[in-house]
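Let's take a walk through this fold together, one piece at a time. Pull up the model and keep the sequence handy.

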Amino acid sequence: MSSLKKLSMKLGLLFLLILFGLETTMFFFLHSTLVESRVEEELIALQTRGNSHRAILEKHFDENTISHVALMESEATTDVVITNSTKEILGASVDSSLIQRYIEKPITSSEREGKTIGDNWKEEDYISTVSPIEQDGVLIGYVYMFQDTVWIESLISRLNEQFLIAGIIAIIFTITIIIFLSNALAKPLIKMKEATSQISSGDFSVSLPKTGDDELGDLARSIQLLAGDLNYLREERSEFLSSISHELRTPLTYIKGYADIVQKRNLSPEERNQYLSIILEETNRLSDMVKNLFDLAKIDKNTFDIIKKPIDLKEFTKKIETKFSPAFAEKGMQLSVSCRESIILSADGSRLEQIIFNLLDNAIKYSSAGDKTTVEVSRTKKHVIIRIKDSGRGISEEELPFIFNRFYRVDKSRARALGGTGLGLAIVKELVHAHGGTISVSSREGDGTEFEIVLKGETE
(Lines give C-alpha, C1' and ligand atoms only; values in the text may rest on other atoms or scores of the structure.)
Protein backbone atom coordinates (compact mmCIF):
# COMPACT_ATOMS: atom_id res chain seq x y z
CA MET A 1 0.00 0.00 0.00
CA SER A 2 2.88 2.37 0.84
CA SER A 3 4.29 2.01 -2.68
CA LEU A 4 0.96 3.01 -4.18
CA LYS A 5 0.75 5.95 -1.81
CA LYS A 6 4.19 6.96 -3.05
CA LEU A 7 2.90 6.55 -6.60
CA SER A 8 -0.09 8.80 -5.88
CA MET A 9 2.27 11.34 -4.29
CA LYS A 10 4.53 11.22 -7.33
CA LEU A 11 1.58 11.62 -9.68
CA GLY A 12 0.19 14.45 -7.56
CA LEU A 13 3.57 16.22 -7.44
CA LEU A 14 4.01 15.76 -11.19
CA PHE A 15 0.55 17.18 -11.90
CA LEU A 16 1.22 20.06 -9.48
CA LEU A 17 4.52 20.95 -11.16
CA ILE A 18 2.97 20.78 -14.62
CA LEU A 19 -0.08 22.85 -13.69
CA PHE A 20 2.01 25.30 -11.64
CA GLY A 21 4.35 25.76 -14.60
CA LEU A 22 1.42 26.32 -16.96
CA GLU A 23 -0.28 28.74 -14.59
CA THR A 24 2.96 30.65 -13.96
CA THR A 25 3.61 30.95 -17.69
CA MET A 26 0.03 32.06 -18.34
CA PHE A 27 0.11 34.59 -15.49
CA PHE A 28 3.45 35.98 -16.63
CA PHE A 29 2.26 36.27 -20.22
CA LEU A 30 -1.03 37.85 -19.15
CA HIS A 31 0.74 40.25 -16.79
CA SER A 32 3.18 41.38 -19.47
CA THR A 33 0.45 41.70 -22.06
CA LEU A 34 -1.76 43.79 -19.78
CA VAL A 35 1.08 46.17 -18.87
CA GLU A 36 2.31 46.53 -22.44
CA SER A 37 -1.18 47.05 -23.83
CA ARG A 38 -1.91 49.62 -21.11
CA VAL A 39 1.30 51.54 -21.92
CA GLU A 40 0.44 51.34 -25.60
CA GLU A 41 -3.01 52.78 -24.90
CA GLU A 42 -1.47 55.65 -22.90
CA LEU A 43 1.00 56.42 -25.69
CA ILE A 44 -1.82 56.52 -28.24
CA ALA A 45 -3.89 58.75 -25.96
CA LEU A 46 -0.85 60.96 -25.34
CA GLN A 47 -0.17 61.24 -29.06
CA THR A 48 -3.82 62.03 -29.74
CA ARG A 49 -3.78 64.76 -27.07
CA GLY A 50 -0.62 66.24 -28.53
CA ASN A 51 -2.12 66.24 -32.03
CA SER A 52 -5.19 68.00 -30.63
CA HIS A 53 -3.01 70.76 -29.17
CA ARG A 54 -1.05 70.93 -32.41
CA ALA A 55 -4.27 71.55 -34.36
CA ILE A 56 -5.10 74.55 -32.16
CA LEU A 57 -1.56 75.97 -32.32
CA GLU A 58 -1.41 75.71 -36.09
CA LYS A 59 -4.38 78.07 -36.23
CA HIS A 60 -3.15 80.44 -33.49
CA PHE A 61 0.56 80.13 -32.88
CA ASP A 62 0.84 83.05 -30.47
CA GLU A 63 1.84 83.63 -26.88
CA ASN A 64 -1.72 83.60 -25.50
CA THR A 65 -2.64 80.31 -27.14
CA ILE A 66 0.62 78.73 -26.02
CA SER A 67 0.05 79.87 -22.44
CA HIS A 68 -3.54 78.64 -22.57
CA VAL A 69 -2.43 75.14 -23.72
CA ALA A 70 0.25 74.98 -21.02
CA LEU A 71 -2.27 76.07 -18.40
CA MET A 72 -4.74 73.37 -19.50
CA GLU A 73 -2.14 70.62 -19.12
CA SER A 74 -0.93 71.89 -15.73
CA GLU A 75 -4.27 70.77 -14.31
CA ALA A 76 -4.10 67.31 -16.00
CA THR A 77 -2.02 64.20 -15.27
CA THR A 78 -0.06 64.82 -18.46
CA ASP A 79 2.35 67.65 -19.27
CA VAL A 80 3.02 69.67 -22.43
CA VAL A 81 6.03 71.57 -23.74
CA ILE A 82 5.77 73.81 -26.82
CA THR A 83 8.90 74.81 -28.73
CA ASN A 84 9.73 76.64 -31.89
CA SER A 85 11.40 74.96 -34.84
CA THR A 86 14.82 75.24 -33.18
CA LYS A 87 13.52 73.54 -30.00
CA GLU A 88 13.54 76.71 -27.93
CA ILE A 89 10.88 76.31 -25.22
CA LEU A 90 8.01 78.77 -25.68
CA GLY A 91 5.66 77.31 -23.05
CA ALA A 92 5.53 74.40 -20.63
CA SER A 93 3.37 72.89 -17.87
CA VAL A 94 6.35 71.18 -16.24
CA ASP A 95 9.81 72.17 -15.01
CA SER A 96 11.94 72.27 -18.15
CA SER A 97 14.97 70.84 -16.33
CA LEU A 98 13.12 67.52 -15.92
CA ILE A 99 12.34 67.10 -19.57
CA GLN A 100 15.19 68.94 -21.27
CA ARG A 101 16.98 65.75 -22.34
CA TYR A 102 13.85 64.49 -24.10
CA ILE A 103 13.56 67.73 -26.08
CA GLU A 104 17.22 67.60 -27.04
CA LYS A 105 16.84 64.14 -28.62
CA PRO A 106 17.13 64.40 -32.40
CA ILE A 107 13.96 64.07 -34.43
CA THR A 108 14.78 62.16 -37.57
CA SER A 109 11.52 62.92 -39.33
CA SER A 110 8.59 65.20 -38.89
CA GLU A 111 5.71 62.83 -39.53
CA ARG A 112 2.37 64.58 -39.55
CA GLU A 113 0.82 62.20 -37.04
CA GLY A 114 3.73 62.65 -34.70
CA LYS A 115 5.90 60.01 -33.05
CA THR A 116 6.95 58.53 -29.73
CA ILE A 117 10.29 59.65 -28.40
CA GLY A 118 10.33 58.10 -24.92
CA ASP A 119 8.41 54.80 -24.79
CA ASN A 120 10.99 52.83 -22.81
CA TRP A 121 9.03 53.22 -19.60
CA LYS A 122 11.10 50.64 -17.70
CA GLU A 123 14.20 52.89 -17.81
CA GLU A 124 12.71 56.36 -18.28
CA ASP A 125 10.93 58.75 -15.94
CA TYR A 126 8.47 59.74 -18.66
CA ILE A 127 6.84 58.40 -21.75
CA SER A 128 6.61 61.14 -24.35
CA THR A 129 5.43 62.00 -27.86
CA VAL A 130 6.15 64.87 -30.24
CA SER A 131 3.87 66.40 -32.88
CA PRO A 132 5.23 68.87 -35.50
CA ILE A 133 3.49 72.26 -35.89
CA GLU A 134 3.29 73.48 -39.48
CA GLN A 135 1.81 76.50 -41.23
CA ASP A 136 1.54 76.51 -45.00
CA GLY A 137 3.81 73.46 -45.09
CA VAL A 138 6.55 75.16 -43.09
CA LEU A 139 7.71 73.70 -39.75
CA ILE A 140 7.28 76.34 -37.04
CA GLY A 141 7.51 74.30 -33.83
CA TYR A 142 6.81 71.14 -31.82
CA VAL A 143 4.29 69.99 -29.24
CA TYR A 144 5.86 67.61 -26.69
CA MET A 145 3.55 65.57 -24.46
CA PHE A 146 4.81 63.84 -21.29
CA GLN A 147 3.32 61.20 -18.99
CA ASP A 148 5.01 60.30 -15.70
CA THR A 149 5.84 56.55 -15.46
CA VAL A 150 4.98 56.48 -11.75
CA TRP A 151 1.40 55.52 -12.70
CA ILE A 152 2.78 52.48 -14.57
CA GLU A 153 4.61 51.34 -11.46
CA SER A 154 1.40 51.83 -9.50
CA LEU A 155 -0.48 49.80 -12.10
CA ILE A 156 2.10 47.03 -11.93
CA SER A 157 1.91 47.02 -8.14
CA ARG A 158 -1.91 46.64 -8.26
CA LEU A 159 -1.63 43.95 -10.90
CA ASN A 160 0.96 42.10 -8.83
CA GLU A 161 -1.36 42.11 -5.84
CA GLN A 162 -4.29 40.88 -7.91
CA PHE A 163 -2.21 38.22 -9.66
CA LEU A 164 -0.75 37.08 -6.33
CA ILE A 165 -4.24 36.60 -4.90
CA ALA A 166 -5.41 34.86 -8.07
CA GLY A 167 -2.26 32.69 -8.04
CA ILE A 168 -2.78 31.63 -4.44
CA ILE A 169 -6.41 30.78 -5.15
CA ALA A 170 -5.41 28.88 -8.30
CA ILE A 171 -2.71 26.92 -6.42
CA ILE A 172 -5.10 25.99 -3.60
CA PHE A 173 -7.74 24.98 -6.14
CA THR A 174 -5.16 23.02 -8.15
CA ILE A 175 -3.81 21.21 -5.08
CA THR A 176 -7.37 20.32 -4.03
CA ILE A 177 -8.15 18.90 -7.47
CA ILE A 178 -4.84 17.01 -7.58
CA ILE A 179 -5.44 15.48 -4.15
CA PHE A 180 -8.91 14.43 -5.23
CA LEU A 181 -7.68 13.01 -8.55
CA SER A 182 -4.71 11.26 -6.92
CA ASN A 183 -6.98 9.61 -4.37
CA ALA A 184 -9.49 8.72 -7.06
CA LEU A 185 -6.70 7.11 -9.08
CA ALA A 186 -4.78 5.52 -6.22
CA LYS A 187 -7.77 4.14 -4.30
CA PRO A 188 -8.79 1.53 -6.93
CA LEU A 189 -5.11 0.70 -7.51
CA ILE A 190 -4.65 0.09 -3.78
CA LYS A 191 -7.74 -2.14 -3.82
CA MET A 192 -6.29 -4.07 -6.76
CA LYS A 193 -2.91 -4.44 -5.03
CA GLU A 194 -4.66 -5.77 -1.93
CA ALA A 195 -6.60 -8.16 -4.17
CA THR A 196 -3.41 -9.43 -5.85
CA SER A 197 -1.78 -9.90 -2.42
CA GLN A 198 -4.85 -11.84 -1.35
CA ILE A 199 -4.63 -13.97 -4.49
CA SER A 200 -0.90 -14.60 -3.97
CA SER A 201 -1.64 -15.83 -0.44
CA GLY A 202 -4.07 -18.38 -1.85
CA ASP A 203 -7.35 -16.60 -1.09
CA PHE A 204 -9.22 -16.23 -4.38
CA SER A 205 -12.48 -14.86 -2.91
CA VAL A 206 -11.67 -11.30 -3.97
CA SER A 207 -14.28 -8.69 -4.75
CA LEU A 208 -13.37 -5.45 -6.49
CA PRO A 209 -15.73 -2.48 -6.87
CA LYS A 210 -16.87 -1.50 -10.34
CA THR A 211 -14.83 1.44 -11.64
CA GLY A 212 -16.49 2.07 -15.00
CA ASP A 213 -15.51 1.19 -18.54
CA ASP A 214 -12.07 2.78 -18.51
CA GLU A 215 -8.65 1.12 -18.26
CA LEU A 216 -8.92 0.80 -14.45
CA GLY A 217 -12.25 -0.96 -14.89
CA ASP A 218 -10.70 -3.35 -17.43
CA LEU A 219 -7.83 -4.06 -15.01
CA ALA A 220 -10.23 -4.70 -12.12
CA ARG A 221 -12.31 -7.09 -14.23
CA SER A 222 -9.14 -8.87 -15.38
CA ILE A 223 -8.01 -9.37 -11.76
CA GLN A 224 -11.49 -10.58 -10.82
CA LEU A 225 -11.48 -12.98 -13.76
CA LEU A 226 -7.96 -14.16 -12.86
CA ALA A 227 -9.08 -14.85 -9.28
CA GLY A 228 -12.04 -16.87 -10.55
CA ASP A 229 -9.86 -18.83 -12.97
CA LEU A 230 -7.24 -19.55 -10.30
CA ASN A 231 -9.94 -20.66 -7.88
CA TYR A 232 -11.39 -22.95 -10.55
CA LEU A 233 -7.91 -24.34 -11.33
CA ARG A 234 -7.25 -24.96 -7.64
CA GLU A 235 -10.51 -26.83 -7.29
CA GLU A 236 -9.80 -28.73 -10.50
CA ARG A 237 -6.31 -29.61 -9.28
CA SER A 238 -7.61 -30.81 -5.92
CA GLU A 239 -10.30 -32.86 -7.60
CA PHE A 240 -7.81 -34.17 -10.16
CA LEU A 241 -5.29 -35.22 -7.52
CA SER A 242 -8.02 -36.83 -5.45
CA SER A 243 -9.40 -38.69 -8.49
CA ILE A 244 -6.03 -39.83 -9.80
CA SER A 245 -4.87 -41.03 -6.38
CA HIS A 246 -8.11 -42.99 -6.03
CA GLU A 247 -7.93 -44.38 -9.58
CA LEU A 248 -4.30 -45.44 -9.17
CA ARG A 249 -4.91 -46.94 -5.74
CA THR A 250 -7.69 -49.24 -6.95
CA PRO A 251 -5.70 -51.27 -9.53
CA LEU A 252 -2.60 -51.18 -7.34
CA THR A 253 -4.63 -52.66 -4.48
CA TYR A 254 -5.85 -55.46 -6.73
CA ILE A 255 -2.33 -56.11 -8.09
CA LYS A 256 -0.71 -56.12 -4.64
CA GLY A 257 -3.47 -58.24 -3.07
CA TYR A 258 -3.56 -60.93 -5.70
CA ALA A 259 0.23 -60.94 -6.03
CA ASP A 260 0.46 -61.65 -2.26
CA ILE A 261 -2.06 -64.48 -2.65
CA VAL A 262 -0.14 -66.03 -5.56
CA GLN A 263 3.15 -65.73 -3.68
CA LYS A 264 2.12 -66.92 -0.22
CA ARG A 265 -0.50 -69.59 -0.87
CA ASN A 266 -0.33 -72.99 -2.43
CA LEU A 267 -2.77 -72.58 -5.30
CA SER A 268 -3.93 -74.94 -7.96
CA PRO A 269 -2.89 -74.08 -11.53
CA GLU A 270 -6.44 -72.94 -12.30
CA GLU A 271 -6.56 -70.57 -9.30
CA ARG A 272 -3.06 -69.26 -10.04
CA ASN A 273 -4.03 -68.51 -13.66
CA GLN A 274 -7.23 -66.82 -12.49
CA TYR A 275 -5.38 -64.51 -10.10
CA LEU A 276 -2.63 -63.80 -12.62
CA SER A 277 -5.29 -62.87 -15.19
CA ILE A 278 -6.76 -60.36 -12.72
CA ILE A 279 -3.28 -58.95 -12.09
CA LEU A 280 -2.68 -58.64 -15.84
CA GLU A 281 -6.08 -57.00 -16.38
CA GLU A 282 -5.44 -54.43 -13.66
CA THR A 283 -1.90 -53.83 -14.96
CA ASN A 284 -3.27 -53.16 -18.44
CA ARG A 285 -5.87 -50.85 -16.97
CA LEU A 286 -3.17 -48.98 -15.02
CA SER A 287 -1.01 -48.76 -18.15
CA ASP A 288 -3.91 -47.32 -20.16
CA MET A 289 -4.60 -44.76 -17.44
CA VAL A 290 -0.96 -43.64 -17.33
CA LYS A 291 -0.89 -43.39 -21.14
CA ASN A 292 -4.03 -41.26 -21.11
CA LEU A 293 -2.56 -39.05 -18.40
CA PHE A 294 0.57 -38.54 -20.46
CA ASP A 295 -1.56 -37.59 -23.47
CA LEU A 296 -3.50 -35.04 -21.42
CA ALA A 297 -0.29 -33.64 -19.96
CA LYS A 298 1.12 -33.16 -23.47
CA ILE A 299 -2.08 -31.43 -24.57
CA ASP A 300 -1.99 -29.11 -21.54
CA LYS A 301 1.62 -28.18 -22.29
CA ASN A 302 0.89 -27.65 -26.00
CA THR A 303 3.47 -30.31 -26.85
CA PHE A 304 0.92 -32.60 -28.40
CA ASP A 305 1.71 -32.81 -32.10
CA ILE A 306 -1.08 -32.95 -34.66
CA ILE A 307 0.35 -33.89 -38.04
CA LYS A 308 -2.34 -33.36 -40.64
CA LYS A 309 -2.36 -35.26 -43.91
CA PRO A 310 -5.08 -35.78 -46.52
CA ILE A 311 -7.24 -38.76 -45.51
CA ASP A 312 -9.85 -40.52 -47.63
CA LEU A 313 -12.60 -40.98 -45.06
CA LYS A 314 -14.34 -43.68 -47.07
CA GLU A 315 -11.27 -45.91 -46.84
CA PHE A 316 -10.64 -44.78 -43.25
CA THR A 317 -14.13 -45.81 -42.07
CA LYS A 318 -13.78 -49.21 -43.78
CA LYS A 319 -10.66 -49.86 -41.69
CA ILE A 320 -12.50 -48.75 -38.56
CA GLU A 321 -15.32 -51.18 -39.33
CA THR A 322 -12.87 -54.03 -39.95
CA LYS A 323 -11.08 -53.37 -36.65
CA PHE A 324 -14.09 -52.97 -34.36
CA SER A 325 -16.71 -55.29 -35.82
CA PRO A 326 -15.25 -58.36 -33.99
CA ALA A 327 -15.36 -56.54 -30.63
CA PHE A 328 -19.04 -55.64 -31.15
CA ALA A 329 -19.88 -59.14 -32.40
CA GLU A 330 -18.26 -60.66 -29.31
CA LYS A 331 -20.67 -58.65 -27.12
CA GLY A 332 -23.67 -59.53 -29.30
CA MET A 333 -23.92 -55.94 -30.60
CA GLN A 334 -24.07 -54.50 -34.11
CA LEU A 335 -21.73 -51.93 -35.71
CA SER A 336 -22.76 -50.08 -38.87
CA VAL A 337 -20.37 -47.68 -40.63
CA SER A 338 -21.57 -45.38 -43.43
CA CYS A 339 -19.59 -43.03 -45.69
CA ARG A 340 -21.49 -42.78 -48.98
CA GLU A 341 -18.94 -40.76 -50.94
CA SER A 342 -15.23 -40.22 -51.07
CA ILE A 343 -14.39 -37.36 -48.69
CA ILE A 344 -10.86 -35.99 -48.35
CA LEU A 345 -10.11 -34.50 -44.93
CA SER A 346 -6.86 -32.94 -43.73
CA ALA A 347 -6.32 -34.55 -40.31
CA ASP A 348 -3.95 -36.62 -38.17
CA GLY A 349 -4.95 -40.20 -39.02
CA SER A 350 -3.75 -41.82 -35.80
CA ARG A 351 -5.39 -39.16 -33.60
CA LEU A 352 -8.63 -39.33 -35.58
CA GLU A 353 -8.61 -43.11 -35.10
CA GLN A 354 -8.02 -42.56 -31.37
CA ILE A 355 -11.09 -40.29 -31.25
CA ILE A 356 -13.28 -42.87 -32.98
CA PHE A 357 -11.83 -45.71 -30.88
CA ASN A 358 -12.63 -43.96 -27.58
CA LEU A 359 -16.18 -43.19 -28.66
CA LEU A 360 -16.81 -46.74 -29.93
CA ASP A 361 -15.24 -48.22 -26.81
CA ASN A 362 -17.60 -46.04 -24.79
CA ALA A 363 -20.55 -47.37 -26.84
CA ILE A 364 -19.51 -50.98 -26.13
CA LYS A 365 -19.19 -50.36 -22.38
CA TYR A 366 -22.58 -48.70 -21.99
CA SER A 367 -24.64 -50.85 -24.35
CA SER A 368 -26.12 -54.31 -24.01
CA ALA A 369 -26.39 -57.34 -26.29
CA GLY A 370 -28.66 -56.58 -29.24
CA ASP A 371 -27.93 -52.82 -29.20
CA LYS A 372 -26.70 -51.12 -32.36
CA THR A 373 -24.01 -48.49 -32.91
CA THR A 374 -23.74 -46.48 -36.15
CA VAL A 375 -20.90 -44.35 -37.51
CA GLU A 376 -22.04 -41.93 -40.20
CA VAL A 377 -19.75 -39.55 -42.13
CA SER A 378 -21.12 -36.67 -44.23
CA ARG A 379 -20.01 -33.29 -45.42
CA THR A 380 -21.21 -29.74 -46.09
CA LYS A 381 -19.48 -27.05 -48.14
CA LYS A 382 -17.03 -26.20 -45.35
CA HIS A 383 -17.22 -29.01 -42.80
CA VAL A 384 -16.97 -32.76 -42.31
CA ILE A 385 -19.47 -34.20 -39.85
CA ILE A 386 -18.93 -37.52 -38.04
CA ARG A 387 -21.86 -38.90 -36.01
CA ILE A 388 -21.51 -41.87 -33.67
CA LYS A 389 -24.84 -43.07 -32.29
CA ASP A 390 -25.67 -46.02 -30.05
CA SER A 391 -28.92 -47.44 -28.69
CA GLY A 392 -27.49 -48.12 -25.24
CA ARG A 393 -28.45 -46.93 -21.76
CA GLY A 394 -28.07 -43.22 -22.51
CA ILE A 395 -27.04 -40.44 -20.13
CA SER A 396 -29.27 -38.53 -17.74
CA GLU A 397 -29.90 -34.83 -18.33
CA GLU A 398 -28.16 -33.94 -15.05
CA GLU A 399 -24.93 -35.74 -15.94
CA LEU A 400 -24.75 -34.75 -19.62
CA PRO A 401 -22.91 -31.40 -19.11
CA PHE A 402 -20.06 -33.08 -17.21
CA ILE A 403 -19.19 -36.10 -19.33
CA PHE A 404 -16.15 -34.39 -20.93
CA ASN A 405 -14.63 -33.54 -17.54
CA ARG A 406 -11.58 -35.52 -16.52
CA PHE A 407 -12.29 -38.53 -14.31
CA TYR A 408 -16.04 -37.96 -14.58
CA ARG A 409 -17.93 -41.21 -15.10
CA VAL A 410 -21.60 -41.91 -15.55
CA ASP A 411 -22.73 -44.58 -13.05
CA LYS A 412 -19.34 -44.64 -11.39
CA SER A 413 -19.62 -48.08 -9.76
CA ARG A 414 -20.54 -49.75 -13.04
CA ALA A 415 -17.93 -47.73 -14.99
CA ARG A 416 -15.17 -48.93 -12.68
CA ALA A 417 -16.34 -52.49 -13.04
CA LEU A 418 -16.18 -52.04 -16.81
CA GLY A 419 -12.66 -50.66 -16.64
CA GLY A 420 -13.51 -46.98 -17.29
CA THR A 421 -11.19 -44.28 -15.96
CA GLY A 422 -13.15 -41.16 -16.91
CA LEU A 423 -10.35 -39.90 -19.17
CA GLY A 424 -11.46 -41.15 -22.59
CA LEU A 425 -14.00 -38.44 -23.39
CA ALA A 426 -11.72 -35.73 -21.98
CA ILE A 427 -9.02 -36.86 -24.44
CA VAL A 428 -11.57 -37.00 -27.27
CA LYS A 429 -12.61 -33.39 -26.63
CA GLU A 430 -9.00 -32.15 -26.53
CA LEU A 431 -8.07 -34.02 -29.72
CA VAL A 432 -11.10 -32.65 -31.57
CA HIS A 433 -10.22 -29.11 -30.44
CA ALA A 434 -6.60 -29.68 -31.48
CA HIS A 435 -7.94 -30.37 -34.99
CA GLY A 436 -9.83 -27.07 -34.90
CA GLY A 437 -13.19 -28.83 -34.59
CA THR A 438 -16.05 -29.13 -32.12
CA ILE A 439 -17.80 -32.04 -30.44
CA SER A 440 -21.31 -32.13 -29.00
CA VAL A 441 -23.47 -34.81 -27.42
CA SER A 442 -27.17 -35.48 -27.18
CA SER A 443 -28.69 -38.29 -25.13
CA ARG A 444 -31.77 -39.49 -23.30
CA GLU A 445 -31.64 -41.97 -20.51
CA GLY A 446 -32.67 -45.39 -21.85
CA ASP A 447 -32.68 -44.13 -25.45
CA GLY A 448 -29.02 -44.11 -26.47
CA THR A 449 -26.39 -41.43 -27.03
CA GLU A 450 -25.19 -39.54 -30.12
CA PHE A 451 -21.86 -37.73 -30.47
CA GLU A 452 -21.41 -35.26 -33.33
CA ILE A 453 -17.94 -34.16 -34.43
CA VAL A 454 -17.62 -31.17 -36.78
CA LEU A 455 -14.20 -30.71 -38.38
CA LYS A 456 -12.97 -27.97 -40.65
CA GLY A 457 -10.56 -28.63 -43.46
CA GLU A 458 -10.25 -29.63 -47.08
CA THR A 459 -13.34 -31.45 -48.29
CA GLU A 460 -13.30 -32.40 -51.93
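In what order do the five strands of the antiparallel open sheet line up? Reading across, the order is S2-S1-S5-S4-S3, with antiparallel pairing. Bear in mind that you're looking at a predicted model. The edges of this sheet are strand S2 (89–92) and strand S3 (115–116), each of which pairs on one side only.

Let's start from the S2 edge. Strand S1 (residues 78–84) pairs with S2 in the antiparallel sense, over three bridges. If you want a spot to click on, Val81 has Ala92 in S2 as its bridge partner. Moving on, S1 and S5 run antiparallel and are joined by seven bridges, and here Thr83 stands opposite Tyr142 in S5. Next along, ten bridges join S4 to S5, again running antiparallel. Ile133 has Gly141 in S5 as its bridge partner. S4 and S5 make a hairpin with two residues between the strands, and in this hairpin Asp136 takes a positive phi near 55 degrees.

Now for the helices on this sheet. Helix H2 (residues 63–74) lies across S1, S2 and S5, and runs at about 160 degrees to S1. Helix H3 (residues 96–103) packs on the sheet too, touching S1, S2, S4 and S5, and its direction makes about 120 degrees with that of S5. How many of the eleven residues of S5 are buried? Eight of them are, so S5 is largely enclosed by the rest of the structure.

Aromatics are worth a look next. A search of the whole structure turns up eight aromatic pairs. Take Tyr126 and Phe146: their ring centres are 5.9 Å apart and their planes sit at 80 degrees, so this pair is edge-to-face. Tyr126 is in strand S4 (residues 126–135) and Phe146 is in strand S5 (residues 138–148), so the pair ties together parts that are 20 residues apart in sequence. Are these two rings' residues buried or exposed? Tyr126 counts as buried at 10% relative accessibility, and Phe146 is buried with a relative accessible area of 0%. Both belong to one aromatic cluster, made up of Tyr102, Tyr126, Tyr142, Tyr144 and Phe146.

Now swing over to the other sheet. Here five strands form an open sheet in the order S7-S9-S10-S12-S11, and the pairing is mixed. S7 and strand S11 (438–443) are the edge strands, each pairing on one side only. From one strand to the next, the twist averages 10 degrees. S7 and S9 run parallel and are joined by six bridges, with Thr374 in S9 as the bridge partner of Ser336.

Two helices to find here are H8 and H10. H8 lies across S7, S9, S10 and S12, running at about 20 degrees to S10. H10 lies across S11 and S12, and runs at about 140 degrees to S11.

What about the nonpolar interior? The largest nonpolar core has 37 residues, and those touching the most other members are Leu313, Leu352, Ile355, Leu359, Leu360, Ile386 and Ile453. Elements giving two or more residues to this core include helix H7 (313–330), helix H8 (349–365), strand S10 (383–390) and strand S12 (449–456). H8 supplies the largest share, six residues. For a close-up, pick Ile386: beyond its neighbours within four places in sequence, its contacts include Leu352, Val375, Phe451 and Ile453. There's also a second, separate core of 20 residues, and Val39, Val143, Met145 and Leu159 are among them.

Phe451 has an aromatic partner as well. The ring centres of Phe404 and Phe451 are 6.3 Å apart and the planes are at 75 degrees, so this pair is edge-to-face. Phe404 lies in the loop between S10 and helix H9 (412–417) while Phe451 lies in strand S12, so the pair ties together parts that are 47 residues apart in sequence. Phe404 counts as buried at 14% relative accessibility, and Phe451 is buried with a relative accessible area of 3%.

Finally, a word on confidence. The protein chain has a mean pLDDT of 79, with 82% of its residues reaching 70 or more. Over residues 412–419, though, pLDDT stays under 50, and the model has 14 contacts beyond four places in sequence for this stretch.

Definitions and conventions:
Residues are numbered from 1 along each chain as its sequence is written. This is a predicted model: local features need pLDDT of at least 70, side-chain atom pairs count only at pLDDT 80 or more; totals for chains, interfaces and linings use all residues. Side-chain values use heavy atoms; hydrogens and water are left out. A nonpolar core is a set of buried Ala, Val, Leu, Ile, Met, Phe, Trp, Tyr and Cys residues joined through side-chain atoms within 4.5 Å. Buried means under 20% relative accessible area, exposed over 50%, partly exposed in between (1.4 Å probe, protein chains only). Helices (H or I, at least four residues) and strands (E, at least two) are DSSP runs, numbered from the N terminus. Contact means heavy atoms within 4.5 Å. Rings of Phe, Tyr and Trp (its six-membered ring) pair if their centres lie within 6.5 Å; planes under 30 degrees apart count as stacked, over 60 as edge-to-face and the rest as tilted. pLDDT is the predictor's confidence in each residue, from 0 to 100. Two strands pair if DSSP finds at least two bridges between them. Axes are lines fitted to C-alpha atoms, for helices over the stretch in contact, and angles run from 0 to 180 degrees between N-to-C directions.
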